[in-house]
Amino acid sequence: MRINRAVRVGVGAVALALAATVTAACGGGDEGSALDHAKEGKLTVGIKFDQPGLGLRNTDGTYSGFDVEVAKYVADKLGVKPEAITFKETPSAQRETMIENGQVDFIVATYSINDKRKEKVDFAGPYYVAGQDLLVRADNTDITGPDSLAGKKVCSVKGSTPAQNIEKNYPQAQLQTYDTYSLCLEGLRGGAIDAMTTDDVILAGYAAQAPGTYKLVGKTFTTENYGIGVKKDDTEARTKINDAIEAMIADGSWKAALEKSFPGTGFKVPEPPKVDRY
């Protein structure tokens, strides 16, 4: 009996230890809602770290770009100062998971609103309506839009929606696909590529790194609604973030943030979007 009891106790202890380990692994984030954390004077915000003009971690450890400016404005409206924001890198494939696990309070990272994503998270916004565009060398006069791509070498990222769109709708173009947009840009700079394509603001960000070298064609041919991702059914947080987006547009900060983020690129600030309070 003593042996059996010892075995039972040992098994029970192991089971408890395993349960604790699994619980810790699954949690992955801080408890409490975005507004709970805002009341404590802190927020963790997901952004991209590698998109110039949108979400970029600079060499000195600071962050810059339009998404960063939107995040700071929203945080301020929630009562949180810029220095109390922790920015966390949120790769595209991990965004829903990081929201669900509470690793971030909200995400501002060229995050297109669509029905599939809305099954897992909620969205405030849109705070920007992007569209697929073309980036060419500054002296290019041949390419004036997607209908002038016949015989031109057009680059995008492998498996991306922009690449698929060119392949399907503009088959006269000579589509080249690389692993990264940086490689496309290198090809464009060297003359191996005639045009690079993805969302207009992403292209503008790359162009802003070398003013006068590239220009946007400025003729978008798709629509992407960028939203701020929040936890599913957190209606209160989504409402307050929507309020902040509308305030940013109304007081001129939205336009100023775009102008600040994409100087010297030919990027034209569009009409602001209308928030969808679904």
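Good morning. I begin with a term: a residue is called buried when its relative accessible area is under 20%. In this predicted model, both R238 and D122 are buried in that sense.

These two residues also meet. The side chains of R238 and D122 form a salt bridge, with an N to O distance of 3.9 Å. R238 belongs to helix α9 and D122 to strand β7, so the pair ties together parts lying 116 residues apart in sequence. The contact is part of a wider arrangement, since K232 joins D122 and R238 in a network of salt bridges.

Let me stay with helix α9, residues 235-250. With 16 residues at 1.5 Å a residue, α9 should span 22 Å, and its end C-alpha atoms are indeed 22 Å apart, which agrees. Its buried residues are A237, R238, I241, N242, A244, I245 and M248. Viewed down the axis of α9, they fall within an arc of 160°, so they line one face of the helix. In general, an α-helix has 3.6 residues a turn, so residues three or four places apart point the same way. On the other side of α9, E236 and A250 are exposed. What do the buried residues of α9 pack against? Their partners are α2, α3, β6, β7, β13 and α10. Just after the helix, G252 adopts a positive phi of about 90°.

One of those partners, strand β6, covers residues 106-112, and seven of its seven residues are buried. Strand β6 pairs with β1 in the parallel sense over two bridges, and here V45 stands opposite F106. With β13, by contrast, β6 runs antiparallel, joined by three bridges; S112 stands opposite Y226 there.

I turn now to another sheet. Five strands form an open sheet in the order β10-β9-β11-β8-β12, with mixed pairing. Its edge strands are β10 and β12, each of which pairs on one side only. From one strand to the next, the twist averages 30°. Within this sheet, β9 and β11 run parallel and are joined by two bridges, and C155 has M196 as its bridge partner in β11. Helix α6 packs on the sheet, touching β8, β9, β10 and β11, and its direction makes about 160° with that of β10.

Helix α7, residues 181-190, lies across β8, β9, β10, β11 and β12, running at about 150° to β11. Which residues of α7 are buried? They are Y181, C184, L185, G187 and L188. These cover an arc of only 160° around the axis, which puts them on the same side of α7. R189 and G190, on the other side of α7, are exposed. Directly after the helix, G191 takes a positive phi of about 95°.

Finally, I return to the salt bridges, of which the structure holds ten. In one of them, E96 and R117 have their closest N and O atoms 3.8 Å apart. That pair links helix α4, which holds E96, to helix α5, which holds R117, 21 residues apart. E96 counts as buried because its relative accessibility is 14%, while R117, at 22%, counts as partly exposed. Another salt bridge joins the side chains of D179 and K158 at 3.5 Å, N to O. It links the loop between β10 and α7, where D179 lies, with the loop between β9 and α6, where K158 lies. D179 has a relative accessibility of 55% and therefore counts as exposed.

Thank you for your attention.

Terms used
Residues are numbered from 1 along each chain as its sequence is written. This is a predicted model: local features need pLDDT of at least 70, side-chain atom pairs count only at pLDDT 80 or more; totals for chains, interfaces and linings use all residues. Side-chain values use heavy atoms; hydrogens and water are left out. Buried means under 20% relative accessible area, exposed over 50%, partly exposed in between (1.4 Å probe, protein chains only). Helices (H or I, at least four residues) and strands (E, at least two) are DSSP runs, numbered from the N terminus. Two strands pair if DSSP finds at least two bridges between them. Axes are lines fitted to C-alpha atoms, for helices over the stretch in contact, and angles run from 0 to 180 degrees between N-to-C directions. Contact means heavy atoms within 4.5 Å. The arc is that of the directions from the helix axis to the C-beta atoms. The expected span of a helix is 1.5 Å times one less than its number of residues. A salt bridge is a side-chain nitrogen of Lys or Arg within 4 Å of a carboxyl oxygen of Asp or Glu.
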